[in-house]
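Here is a briefing on one protein model. Keep the structure open while you read.

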Amino acid sequence: MRLFVSEGAPGNLPVLAAAGRARGRVELLISTVDPEECMVPFLTRPKVPVLQLDSGNYLFSASSICRYFFLLSGWEQDDLTNQWLEWEATELQPALSAALYYLVVQGKKGEDVLGPVRRALTHIDHSLSRQNCPFLAGETESLADIVLWGALYPLLQDPAYLPEELGALRSWFQTLSTQEPCQRAAETVLKQQGVLALRPYLQKQPQPSSPDGRAVTNEPQEEELATLSEEEIAMAVTAWEKGLESLPPLRPPQNPVLPVAGERNVLITSALPYVNNVPHLGNIIGCVLSADVFARYSRLRQWNTLYLCGTDEYGTATETKAMEEGLTPQEICDKYHIIHADIYRWFNISFDIFGRTTTPQQTKITQDIFQRLLTRGFVLQDTVEQLRCEHCARFLADRFVEGVCPFCGYEEARGDQCDKCGKLINAIELKKPRCKVCRSCPVVKSSQHLFLDLPKLEKRLEEWLGKTLPGSDWTPNARFIIRSWLRDGLKPRCITRDLKWGTPVPLEGFEDKVFYVWFDATIGYLSITANYTDQWERWWKNPEQVDLYQFMAKDNVPFHGLVFPCSALGTEDNYTLVSHLIATEYLNYEDGKFSKSRGVGVFGDMAQDTGIPADIWRFYLLYIRPEGQDSAFSWTDMLLKNNSELLNNLGNFINRAGMFVSKFFGGYVPEMVLTPDDQRLLAHVTLELRHYHQLLEKVRIRDALRSILTISRHGNQYIQVNEPWKRIKGSEADRQRAGTVTGLAVNIAALLSVMLQPYMPTVSATIQAQLHLPPPACSILLKNFLCTLPAGHQIGTVSPLFQKLENDQIESLKQRFGGGQLEESLELKAKVSPKPEVIETVTTAGSQQIQVLTDEVTKQGNIVRELKAQKADKNQIAAEVAKLLDLKKQLALAEGKPLETPKGKKKK
């Protein structure tokens with residue numbers, strides 16, 4: 001075999017390190033060649049590294065070559081490694097290419113370089129920390145470690161770009177960097193020059209776009225517009241001119257909503273929240289809010305849609321909560337069901353049904369599924385050793401036991417897990433166990449239980465997955481989790497518990513037991529639907545006509561993607577199974593986790609007391625939705641996104657478009673005579689609208705939100721370039737041009753109002769009311785940009801959509817929800833605390849934030865100049881000047897500059 005490499009090409013690093021590990025197992029000749037030399041005869045462009053096999057075949061992908069060397073070393077492939085390699089190619093490499101280009105070719109430093117890649121570095125650090133292993137795929141070094149190390153080494157070998165707070169990443173990187181194969185690889189490729197050795201290679205590469213694939217600018221790019229074909233422009237103009245007549249008739253409302261033959265029937269569920277907990281922001285974005293966006297989008301597409309959820313009310317957790325509060329389990333369920341319903345109502349979640357699992361229908365359907373499984377031989381009986389409290393005369397569920405952790409000695413470990421060391425525990429392993437109810441010492445006794453025979457159902461499950469997964473929209477983490485369970489073979493799972501609060505087991509000898517909540521909780525979707533309509537089977541036993549989308553956080557994937565499908569397949573009763581399993585990663589709070597007991601983080605019942613409208617919460621949570629990797633809620637970032645993306649971008653554009661109609665044309669949409677540039681803008685907006693559809697059809701909710709903001713930026717730029725406030729004072733041709741620009745802008749605003757509806761329903765309705773958007777246009781979103789506000793259409797009163805979030809307000813909220821101050825009144829604190837000096841300590845923001853603020857300062861400066869040129873009302877000018885000064889203050893803070901005290905004018 002012969003390996004061809006070249007100096008200064010980053011892809012050679014992991015390949016040489018992997019080759020070093022395989023040394024002695026294979027005869028390998030390594031040749032250094034010119035990067036312009038074409039080593040693969042059938043490729044038209046030079047490519048290194050290249051591995052020429054003894055068979056004469058070639059491998060010319062760095063990860064494929066590394067994989068080959070690892071396989072020669074006896075390494076066995078695994079799903080976790082494959083997932084890391086996919087992430088490295090799709091997420092890490094685009095960010096890293098941008099960072100290295102900025103550093104080496106453009107000579108940038110600091111946050112300009114670290115900014116594009118910081119999120120990816122944090123993801124690696126969190127993954128290493130969470131699994132508490134030294135390497136990415138476990139206790140031993142894998143292919144994933146070498147590939148990611150090789151990608152990151154050119155940047156991270158400079159300690160300035162290895163953040164100190166990412167301790168797990170730092171330890172991992174240093175461990176690999178000290179290994180001999182990695183050291184030799186670095187010396188060969190970088191030749192003691194460090195990252196500068198890559199300059200000749202990087203200078204020949206095209207300038208990378210930002211990691212999200214967009215150019216690093218808020219304005220429409222000439223080259224983007226230039227790629228539009230004449231046919232695309234003509235089609236966009238034709239669709240625009242057809243206007244409202246293009247809209248199909250609205251679907252007649254149904255009650256109840258039932259599947260319709262020949263239509264797309266979409267059934268949407270969000271994971272049933274435990275009734276005994278108040279949901280925090282991470283719970284809300286992971287389940288109900290994400291599902292709500294897709295349900296609203298489905299209705300805009302005129303798909304026949306049913307969206308359901310409810311509280312999961314049975315199980316140990318409910319009994320424990322009831323004991324803590326001195327209530328019965330039913331009283332706890334009644335109390336917290338109302339709390340959940342009120343929270344989701346405030347967040348404007350558009351359930352068709354929000355039910356609960358403590359119903360006769362739940363008992364009936366669960367017992368029927370169990371009986372069918374039992375009859376078909378998929379239920380086993382076995383003896384389980386458990387702790388029994390003789391004083392309370394009952395077996396103790398995991399949460400009713402505590403004791404000393406057998407691993408770390410923590411004295412208050414629970415019967416299922418130790419909160420200190422994080423290890424899972426079997427309750428009978430606890431040292432000095434005690435009953436949480438009476439504090440007496442329980443004894444170990446045997447108890448008969450029922451098990452679902454998953455091994456016997458495994459083949460059916462794999463056949464179903466083989467048909468379902470190709471072409472479906474299961475998220476990568478969901479696919480990976482299910483593959484991980486199947487990799488080692490399924491084991492029988494216990495489906496009963498020694499509890500009183502649950503669905504009774506209908507089998508002789510098991511009358512004192514209930515079903516384990518993980519077996520019957522997912523059946524709750526069926527029973528909730530059955531309480532909504534007696535025709536529930538038309539949804540749940542109709543896989544040929546129903547598309548089932550299920551939304552959840554990743555910890556719920558095994559129950560929805562494996563346990564319930566196995567149960568349903570075993571019944572042989574034609575149940576509807578999940579078509580698209582949509583799982584998020586976790587949302588953290590600032591630098592830690594949500595904790596109700598410690599007062600850390602915002603919980604659903606607290607959000608409405610902040611004074612921030614529900615739609616702003618929805619927008620920010622969806623903007624940072626943890627798609628693909630964990631993300632974190634940040635008060636500072638929320639302020640920035642509200643003030644830049646909503647107030648100064650989206651709100652500014654929609655308000656200006658409507659105000660121009662009111663001020664210059666008496667509230668009536670003017671005639672529009674489209675120029676070629678206007679027609680190109682129509683086509684460009686149409687492309688972005690179609691991109692929005694493509695993303696939401698694939699349930700990429702966060703990315704689709706960016707399309708709305710992009711169209712708004714294009715609208716702002718369009719107004720800024722054409723200056724209708726000036727043209728309205730000019731010649732007849734100028735006034736006509738002002739009319740066209742205003743009419744087109746207000747139609748873009750109307751389009752945005754409909755695109756916004758899944759994300760910010762109240763803001764969407766407000767815009768539509770201000771513009772008097774015709775009802776059909778409010779309820780249907782096609783893939784073409786239509787003229788929905790034709791010339792002569794009268795709009796209503798236009799007013800601002802968003803309010804600015806102030807630094808003081810956000811700082812107060814940050815302290816309030818930061819923990820450790822639960823007993824302290826905010827009002828008292830404000831009176832007692834002395835005001836700080838004007839000099840502020842600041843942290844420099846990222847280059848992207850600074851660019852956004854710089855653009856906003858420029859934009860606001862233009863507005864002030866416009867008003868002064870028009871000799872507008874002094875109060876109006878003063879208000880806009882105040883906005884400008886505030887933006888300048890934000891920019892100064894972002895750049896790390898000290899703030900100056902305004903001097904003001906001296907009185908004469």
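The model is predicted. One open sheet has four strands in the order β9-β8-β13-β14, with antiparallel pairing. β9 (394-395) and β14 (493-494) are its edges; each has a single partner strand, so one side of each is left without a neighbour in the sheet. A second sheet, salt bridges, a covered helix and a pocket follow below.

**Sheet β9-β8-β13-β14**

- Strands β8 (residues 379-389) and β13 (residues 443-452) run antiparallel and are joined by 10 bridges.
- Within this pairing, Q381 stands opposite L450 in β13.

**Sheet β2-β1-β3-β4 and its helices**

- Four strands make up this open sheet, in the order β2-β1-β3-β4, and their pairing is mixed.
- Its edge strands, β2 (29-32) and β4 (58-59), each pair on one side only.
- β3 (residues 50-52) runs antiparallel to β4, and two bridges join them.
- L51 is found opposite L59 in β4.
- Helix α1 (residues 12-21) packs on the sheet and touches β1 (2-5) and β2. The direction of α1 makes about 150° with that of β1.
- Helix α2 (residues 62-72) also packs on the sheet, where it touches β1, β3 and β4. The direction of α2 makes about 45° with that of β3.

**Salt bridges**

- Side chains of opposite charge can pair when their charged atoms come close.
- Searching the whole structure gives 38 salt bridges.
- One of them joins the side chains of R21 and E141, at 2.7 Å from N to O. R21 lies in helix α1 and E141 in the loop between α4 (111-131) and α5 (143-156), so the pair ties together parts that are 120 residues apart in sequence.
- Are the two partners buried or exposed, or partly so? R21 counts as partly exposed because its relative accessibility is 27%. E141 counts as buried because its value is 15%, and buried means under 20%.
- R713 and E645 also meet through their side chains, at 2.5 Å from N to O. This pair links distant parts of the chain: R713 sits in helix α25 (residues 701-722) and E645 in helix α23 (residues 635-665), 68 residues apart. Both R713 and E645 are buried.
- R702 forms a salt bridge with D703, and their closest N and O atoms are 3.7 Å apart. Both R702 and D703 are buried.
- Which residues form a network of salt bridges? R372, E537, K541 and D573 are linked in this way.

**Helix α22**

- Helix α22 (residues 614-623) is mostly covered, with 10 of its 10 residues buried.
- The buried residues of α22 include the aromatic-named entries W617, F619, Y620 and Y623. D615 and R618 are also among them.

**The second largest pocket**

- Rolling a probe the size of a water molecule over the atoms shows where empty space is left.
- The second largest pocket holds about 1,300 Å³ of space.
- Its lining has 40 residues, and P10, G11, V48, Y201 and Q205 are the closest to its centre.
- α2, α3 (79-105), α5 and α8 (199-203) are the elements that give two or more residues to this lining.
- Which element gives the most to the lining of the second largest pocket? That is α3, with eight residues.

Definitions and conventions: Residues numbered from 1 in each chain as written. Predicted model: local features only at pLDDT ≥ 70, side-chain atom pairs only at ≥ 80, totals over all residues. Heavy atoms only, no water. Pairing = 2+ DSSP bridges. Contact = heavy atoms within 4.5 Å. Axes fitted to C-alpha atoms, helices over the stretch in contact; angles between N-to-C directions. Salt bridge = Lys/Arg side-chain N within 4 Å of Asp/Glu carboxyl O. Buried < 20%, exposed > 50% of the residue type's maximum accessible area, 1.4 Å probe, protein only. 1 Å grid on protein atoms, 1.4 Å probe; cavity = no way out; pocket = protein on both sides within 12 Å on 5 of 7 lines; lining within 4 Å. Points joined across faces, edges and corners; volume = space filled by probe spheres on them.
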